[in-house]
Amino acid sequence: MSSQIVDRFGRPHSYLRISLTDRCNLRCFYCMPEDGIQLMDKPSIMTLEEIISISSTFRELGVDTIRLTGGEPLIRKNFDFLVRELAKLGVTLKITTNGILLDRYYDLFQEVGLKKINFSLDTLDKAKSVFITKRDYYERIMNNLKTGLEKGFEIKLNVVLIKDVNDHEINDFIELTKHQNLAIKFIEFMPFKGNKWDWSKGVSKETILKTISNKFGEVEALDNPKHSTSVNYKVKGHAGSFGIVSTITHPFCSECNRIRLTADGKMKNCLFATSETDLLTPFRNGDELTPLILNSIQEKKFSRDGMDVKMDSEHYEKNRSMISIGG
């Protein structure tokens, strides 16, 4: 089924990221503003039945992949019911999670065929984990990561690199790929409302590659899957691989096929989009969503919602905080 959701640049959109909640059991400082956020009230959040129905409309329009995000998606009540129903749509299901609750859901994921799991894990140091997340779940997360690998899930570690916080751990993460079929995804620090972004804290693609090659020697470039957000590599002889999401220094927007749906039912055409299309209110009024979706995608800008290389704070401070977008 080819996607009918095509923007004015001719890009078909077949990948839907759904935020299930703006709540999380961690408080990572680059995601959650220091003074917190105004949490959505319960009536404004999509019910599970509404998520399923709206997802069905996207499926009819050619969406073939759905990634569940948060906040932390696994804290959503009756999560197992939602996953089973979404699996019936015939899409490829994926999830991004902090891993704390994964041991409860591995059997469910095997049951419905959800194989691809992204762990948000920014450090391999327990003390630093507590500093970054403001919570102490390190041992639990690492145990769940080990279990997931043993069970054969396709696991990526999402590592947001921040200078003088975790950039000295780049090679520690690469070491994990030596004997395990594990993918590391290094992500450049990105600007969102309230996260005090400054590119002086960023670590570029060039720096990452130099750091790795200086220790491990030859780095092989891999073929990137279509619509990949990362440029992918592996150290010669390693079982696993790594990729770099260089949103700041080398945007990957030319082949973007992603749409985001926030927990309160707003369609966002881009992670950095300041404008949104309300789908939930019309849905509750019994209106047809297809015209809204198809019209909304025409408003999508070619790259980073029109932000230039300076990443203007007047733009991104009008956006949501990362935790309420869902990544």
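## Aromatic pairs

Phe173 and Phe186 are both buried in this predicted model. Their ring centres lie 6.3 Å apart with the planes at 85°, so the pair is edge-to-face. Phe173 belongs to helix H6 (residues 170-176) and Phe186 to strand E6 (residues 183-188), and the pair thus links distant parts of the chain, 13 residues apart. Ring pairs also join these two residues with Tyr233 and Phe242 in a cluster.

In total, the structure contains eight aromatic pairs. One of them is formed by Phe79 and Tyr105, which meet edge-to-face at 5.1 Å centre to centre, with 75° between the planes. Because Phe79 lies in helix H2 (79-87) and Tyr105 in the loop between strand E3 (92-97) and helix H3 (106-112), this pair ties together parts that are 26 residues apart in sequence. Phe79 and Tyr105 are each buried.

## A charge over a ring

Tyr15 has a charged partner: the charged end of Arg258 sits over its ring, 4.3 Å from the ring centre.

## Cavity

The structure has one cavity of 30 Å³ or more. The largest cavity encloses about 50 Å³ of space. Its lining consists of Asn269, Cys270, Ala273, Ser275, Glu299, Lys300, Lys301 and Asp305. By class, these lining residues comprise four charged, two polar and two nonpolar.

## Second largest pocket

The second largest pocket holds about 390 Å³ of space. It is lined by 13 residues, of which Lys42, Ile45, Met46, Arg76 and Lys77 are the closest to its centre. The lining of this pocket divides into five charged, five nonpolar and three polar residues.

Key: Residues numbered from 1 in each chain as written. Predicted model: local features only at pLDDT ≥ 70, side-chain atom pairs only at ≥ 80, totals over all residues. Heavy atoms only, no water. 1 Å grid on protein atoms, 1.4 Å probe; cavity = no way out; pocket = protein on both sides within 12 Å on 5 of 7 lines; lining within 4 Å. Points joined across faces, edges and corners; volume = space filled by probe spheres on them. Nonpolar A, V, L, I, M, F, W, Y, C, P; charged D, E, K, R; others polar. Phe/Tyr/Trp six-rings, centres within 6.5 Å; stacked < 30°, edge-to-face > 60°. Helix = DSSP H or I, 4+ residues; strand = E, 2+ residues; numbered from the N terminus. Buried < 20%, exposed > 50% of the residue type's maximum accessible area, 1.4 Å probe, protein only. Lys NZ or Arg CZ within 6 Å of the ring centre and 35° of its normal.
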